[in-house]
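Got the viewer open? Keep the selection box handy, and we'll walk through this one stop at a time.

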Amino acid sequence: MTSDGAYADVRPSAPAGTMTLPARYYCDPAVFEREGERIHRAMWNAACPVDDLREPGDYRLVEIAGDCLVVVRGEDGRIRAHHNVCRHRGTRMVEAESGCLPGSIQCPYHAWTYGLDGQLRRAPHMDRVEGFSVEDYPLASAACDEWGGIVFVRVADEGPGLLEQLGPAAPRLEPWGIGDLRSAHTERYDLKANWKLVVQNFSECLHCPVIHPQLQRLSHYLSGENYPVTPGAVGSAMDMADGVETMSTDGRLVGEMLPGLPEAGRRRVGYDILLPNVMLCLHPDYVVRYLMRPLAVDRTTIRCDWLFSEEAVSRHGFDPGRAVVFWHTTNLQDWRVSELAQQGIASSAYRPGPYSNREDQLWQIDQLILERLGEA
Amino acid sequence: MTSDGAYADVRPSAPAGTMTLPARYYCDPAVFEREGERIHRAMWNAACPVDDLREPGDYRLVEIAGDCLVVVRGEDGRIRAHHNVCRHRGTRMVEAESGCLPGSIQCPYHAWTYGLDGQLRRAPHMDRVEGFSVEDYPLASAACDEWGGIVFVRVADEGPGLLEQLGPAAPRLEPWGIGDLRSAHTERYDLKANWKLVVQNFSECLHCPVIHPQLQRLSHYLSGENYPVTPGAVGSAMDMADGVETMSTDGRLVGEMLPGLPEAGRRRVGYDILLPNVMLCLHPDYVVRYLMRPLAVDRTTIRCDWLFSEEAVSRHGFDPGRAVVFWHTTNLQDWRVSELAQQGIASSAYRPGPYSNREDQLWQIDQLILERLGEA
Amino acid sequence: MTSDGAYADVRPSAPAGTMTLPARYYCDPAVFEREGERIHRAMWNAACPVDDLREPGDYRLVEIAGDCLVVVRGEDGRIRAHHNVCRHRGTRMVEAESGCLPGSIQCPYHAWTYGLDGQLRRAPHMDRVEGFSVEDYPLASAACDEWGGIVFVRVADEGPGLLEQLGPAAPRLEPWGIGDLRSAHTERYDLKANWKLVVQNFSECLHCPVIHPQLQRLSHYLSGENYPVTPGAVGSAMDMADGVETMSTDGRLVGEMLPGLPEAGRRRVGYDILLPNVMLCLHPDYVVRYLMRPLAVDRTTIRCDWLFSEEAVSRHGFDPGRAVVFWHTTNLQDWRVSELAQQGIASSAYRPGPYSNREDQLWQIDQLILERLGEA
């Protein structure tokens with residue numbers, strides 16, 4: 001099972017002549033700016049875990065394409081996303097990364113006060129301004145929705161709904177019940193690499209035998225099966241080797257087996273990307289969730305959570321360590337080559353190179369990007 | 001006196017529909033560059049206190065709109081401002097921030113030597129260059145003048161005189177005799193905010209009850225009276241509450257009452273801006289003087305001096321502490337909201353917002369800026 | 001010999017009206033970019049000493065105009081320069097500054113493997129891509145040659161040979177046999193100055209009496225004789241004062257007198273620039289070699305080696321200290337004024353200034369630069 005011969009490379013050839021994207025897609029701040037407009041603001045963007053916002057007033061600041069949003073649970077229990085900009089003189093109002101707001105958002109400059117629903121409630125001395133009405137000055141807000149335990153935000157006014165964007169990924173992920181899982185561990189990473197290099201790295205395992213020897217022992221790199229790519233989701237599944245129960249330092253289960261998994265889900269690891277900024281590794285007993293934040297054309301931060309069933313997490317003496325170490329090690333290996341790709345692509349000598357038939361999804365992702373940028 | 005009711009909000013409404021400026025005036029380096037040309041180089045710009053340059057040869061380096069000037073007192077007692085650039089190969093000549101020059105400015109590279117008046121005196125080996133004459137290579141200089149104990153520099157060749165720029169502010173400030181006062185304390189601040197946000201913050205007290213509780217106790221925010229705005233000066237005065245002698249941590253005088261103040265000056269605090277970069281707080285017993293230096297579209301440094309009468313400063317055991325703590329505290333409160341304004345205005349969600357009738361001067365200052373930029 | 005009178009200033013006047021270059025040549029990133037294309041990539045650029053690459057597999061990473069090259073000695077003994085960019089997905093392959101490669105260059109991402117000659121040898125799974133052939137994907141390479149113990153690289157595909165570029169400098173330098181000398185000491189410098197300011201500083205000694213008193217004692221600044229400027233080389237020689245044997249802290253020899261020097265070479269110091277990035281100080285007993293690396297329009301790094309005969313370096317108890325201290329001191333003096341020139345030229349007040357007749361070579365170098373930039 002661990003030699004190449006065990007898995008025939010049966011995947012169909014990629015379209016003849018498929019090549020990587022030109023350098024500007026990874027190096028040009030103007031392309032990054034355009035991606036901000038056409039991808040990150042236009043699509044449903046994972047903002048934060050729902051678990052960050054349990055009580056009314058709980059909020060988290062979220063940066064999307066240069067904008068700062070206050071994602072907050074209202075008194076009515078609903079989560080909303082407001083631009084962190086006072087309508088009076090443009091002041092940033094909320095400073096701490098996260099916390100609990102006391103039923104309203106008050107600008108620290110002149111005390112304009114907004115409800116958690118974004119409505120302007122009080123604007124001192126504006127009553128003497130002819131024609132002024134608080135109704136005209138709510139906070140600018142973004143569309144907000146939840147799925148799978150994740151708060152999604154769409155900055156653009158118009159666009160399809162969240163479920164439409166997720167497409168077949170939503171039913172495919174259903175059995176893992178990720179909305180009910182709990183984070184047992186969080187890591188935060190800061191990469192000097194374009195966000196698309198992270199997505200591409202996640203989308204092929206051709207590099208696995210080269211940089212992930214410990215992963216390769218548990219799951220053969222040729223065992224992958226890709227799902228059809230849709231505008232909002234990319235995914236695949238890989239077999240675990242005989243005798244391997246999950247991806248962990250010793251191949252043994254770390255959490256409880258998740259209930260309701262199909263037979264295949266017990267013998268495979270799912271790798272799903274919810275474009276543009278969520279990645280998920282689905283194991284029989286736990287899920288690793290990556291939330292990406294593109295900060296610049298060559299810089300991306302990633303929050304990574306290890307999610308287990310409530311039952312597992314609350315078990316006395318539960319230790320996620322074997323899963324954490326396994327994926328933290330794998331992550332660092334992936335981030336390193338992603339950063340090296342960023343460096344090399346910035347060279348004047350870089351030319352688009354040929355994709356192999358094991359990288360067919362990358363080419364399809366490139367096409368999605370180009371379509372969104374209007375450059376297909 | 002401390003409730004809103006005590007002071008009726010009698011100020012006339014601002015012109016209908018007055019709004020804050022678009023974001024680019026605070027965020028676009030190209031606008032900042034243009035302001036450098038049309039405002040900071042074109043207007044008389046406060047360079048440093050006259051007291052920094054007491055003896056011939058005393059100098060201070062001053063940065064205006066990216067240029068470095070040597071502001072120096074000559075052997076003839078006159079203060080001049082020379083660009084710190086040798087006419088030979090362009091070398092910066094003077095390195096230390098301040099000091100005393102020995103009767104000449106010598107370039108450290110090839111020893112071209114200039115008088116403190118900027119005339120080239122010696123240029124080794126240039127005598128063999130046909131047509132060369134030292135008369136042709138004086139240091140580039142800026143216009144220089146003094147008023148109120150401040151050295152002003154105008155980088156542009158042409159323009160109105162200093163007194164013309166100051167307009168009615170000069171006679172208005174006359175009674176405080178600020179040219180005769182002495183600095184008892186200096187603070188230096190570095191702000192991540194556009195210089196205009198500092199000017200605007202200084203020009204309204206609508207924010208006082210929100211962020212300056214200690215100030216609000218001494219002087220009611222609605223007590224202000226604005227002077228007519230002129231191209232070079234903006235100002236207002238506010239009443240002190242009953243029993244309050246000056247703005248200090250305990251409301252008691254800190255220095256000697258300044259002689260020659262009009263009755264009103266003993267019961268009020270004056271707030272005067274000499275555009276583009278001086279701000280003054282005028283008390284019965286002392287003056288706080290701010291000299292601003294815009295370093296980038298989002299960065300400004302400020303030197304702040306607490307000025308008292310010579311008599312007070314030389315009094316045995318004189319302690320300016322109650323005035324210093326009062327305004328240092330107030331300054332930090334103001335710089336914080338100015339930085340928050342800078343952050344919020346940089347958001348794509350920022351839209352010009354409505355000024356209240358208590359912010360009429362801000363709108364007038366905006367118009368002055370637009371006029372100078374040729375965008376009114 | 002040490003007073004100005006001893007050396008008449010007999011050099012012919014420079015062409016009337018020769019002036020320094022406008023500021024943009026030292027401050028504008030766009031000019032720097034253009035220089036990268038038209039000068040640093042187009043010309044033979046010193047990459048590293050041959051001595052860095054003694055054995056097959058020995059390599060050094062070299063940055064030229066933003067590109068990273070692997071300069072490596074092949075199994076066939078030949079030195080080549082490959083762009084450090086995998087032809088598959090553009091990954092930077094070699095990370096450490098220098099080291100020894102095991103007969104091949106393997107990309108750390110997907111294990112594409114290249115010979116030290118740059119040929120692609122192995123590309124996993126690409127055999128299933130229709131029309132793919134390893135012959136089509138060698139590493140992008142740059143022309144590579146050696147002279148005088150220095151590896152030279154020309155990134156541009158086309159251009160004259162190295163000896164043609166060196167022109168008369170090659171035979172002129174022949175007697176010092178610099179290819180046979182060994183480095184006894186290395187210093188690395190990081191300057192906030194444009195690379196051309198370093199070249200110009202090296203090309204005149206008019207500044208010597210001002211900033212190099214210890215040098216001026218050993219060699220009179222007016223004693224220089226310039227060689228005719230050629231497109232690839234600039235040079236001059238200066239006499240040492242009576243009784244001075246070499247440039248060192250005490251004027252005494254530090255190494256063995258180099259064999260084969262002409263009589264003049266024993267009484268003079270040669271200053272040669274091999275454009276665009278080598279500078280050499282030639283003494284009777286040793287050579288100081290500067291390899292420059294322009295990193296930005298206002299930043300240059302310099303590696304400086306003190307080269308002596310093999311015999312001297314291997315002598316028991318050999319100490320290069322008197323030569324090292326002498327030139328390290330001189331270097332720091334030169335780097336300081338070069339940085340001051342960078343600062344001053346960046347001022348809006350900078351205007352091109354007049355060259356003296358002792359700076360005739362600088363004007364000629366300026367003309368070479370302008371010609372290469374197509375702006376003569």
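Before the first stop, one term: two strands count as paired if DSSP finds at least two bridges between them. Keep in mind, too, that what you're looking at is a predicted model.

**Stop 1: a pair of strands**

Select Asn226(A) and Ser236(A). Asn226(A) sits opposite Ser236(A), which belongs to β13(A). Now widen the selection to the strands around them: β12(A) and β13(A), residues 233-239, run antiparallel and are joined by 2 bridges.

Next, show the sheet they belong to. It is an open sheet of 7 strands in chain A, ordered β11-β17-β16-β15-β14-β13-β12, with antiparallel pairing. Which strands are at its edges? Colour β11 (182-191) and β12 (225-226) of chain A: each of these pairs on one side only.

**Stop 2: a loop residue**

Go to Asp180(A), in the loop between α4 and β11 of chain A. Asp180(A) has 13 C-beta neighbours inside 10 Å, so it counts as partly exposed; the exposed class ends at 12 and the buried class starts at 20. Then pick Leu307(A) and draw a distance between the C-alpha atoms: Leu307(A) is 127 residues from Asp180(A) along the chain, yet the two C-alpha atoms are 9.2 Å apart.

**Stop 3: two domains**

Colour chain A by domain. The domain assignment makes domain 1 out of 15-39 + 167-373, and domain 2 out of 45-160. From one C-alpha centre to the other is 31 Å. Where they touch, domain 1 of chain A brings 13 residues and domain 2 of chain A brings 11. On the domain 1 side, select α4 (169-173) and β16 (287-296) of chain A, the elements that each give two or more residues to the contact. That side of domain 1 of chain A has 7 nonpolar, 4 polar and 2 charged residues.

**Stop 4: chain A as a whole**

Zoom out until all of chain A is in view. Chain A has 11 helices and 17 strands. Its radius of gyration is 22 Å, close to the 21 Å that the globule rule gives for 376 residues, so chain A is as compact as a globular protein of that length. Along the principal axes, the C-alpha atoms of chain A fill a box of roughly 80 × 55 × 30 Å. Buried residues make up 49% of the chain's 376 residues. Among contacts in chain A with a separation of 6 or more, 66% are between residues 24 or more positions apart.

**Stop 5: bring in chain B**

Show chain B next to chain A. Here 24 residues of chain B are in contact with 25 residues of chain A. For the chain B side, highlight α6 (208-211) and α9 (321-345), which each supply at least two residues. The most comes from α9(B), with 6 residues. By class, this side of chain B has 12 nonpolar, 10 polar and 2 charged residues.

Swing round to where chain B meets chain C: 25 residues of chain B are in contact with 24 residues of chain C. The chain B side here has 10 nonpolar, 9 polar and 6 charged residues.

**Last stop: the axis**

How does chain B map onto chain A? A turn of 120 degrees with a shift of 0.1 Å along the axis lays chain B on chain A with an RMSD of 0.0 Å. That is the relation of a three-fold axis. Finish by selecting Pro29(B): of the residues of chain B, Pro29(B) comes closest to the rotation axis, with its C-alpha at 9.5 Å.

Note on methods:
Residues are numbered from 1 along each chain as its sequence is written. Chains are lettered from A and ligands numbered from 1 in the order in which they are written. This is a predicted model: local features need pLDDT of at least 70, side-chain atom pairs count only at pLDDT 80 or more; totals for chains, interfaces and linings use all residues. Two residues are in contact if their C-beta atoms, placed from the backbone, lie within 7 Å. Helices (H or I, at least four residues) and strands (E, at least two) are DSSP runs, numbered from the N terminus. Ala, Val, Leu, Ile, Met, Phe, Trp, Tyr, Cys and Pro count as nonpolar, Asp, Glu, Lys and Arg as charged, and the others, Gly among them, as polar. Copies are superposed by least squares on the C-alpha atoms of residues with pLDDT of at least 70 in both. Domain bounds come from an automatic or database domain assignment. The radius of gyration is taken over C-alpha atoms; the globule rule is 2.2 Å times the number of residues to the power 0.38.
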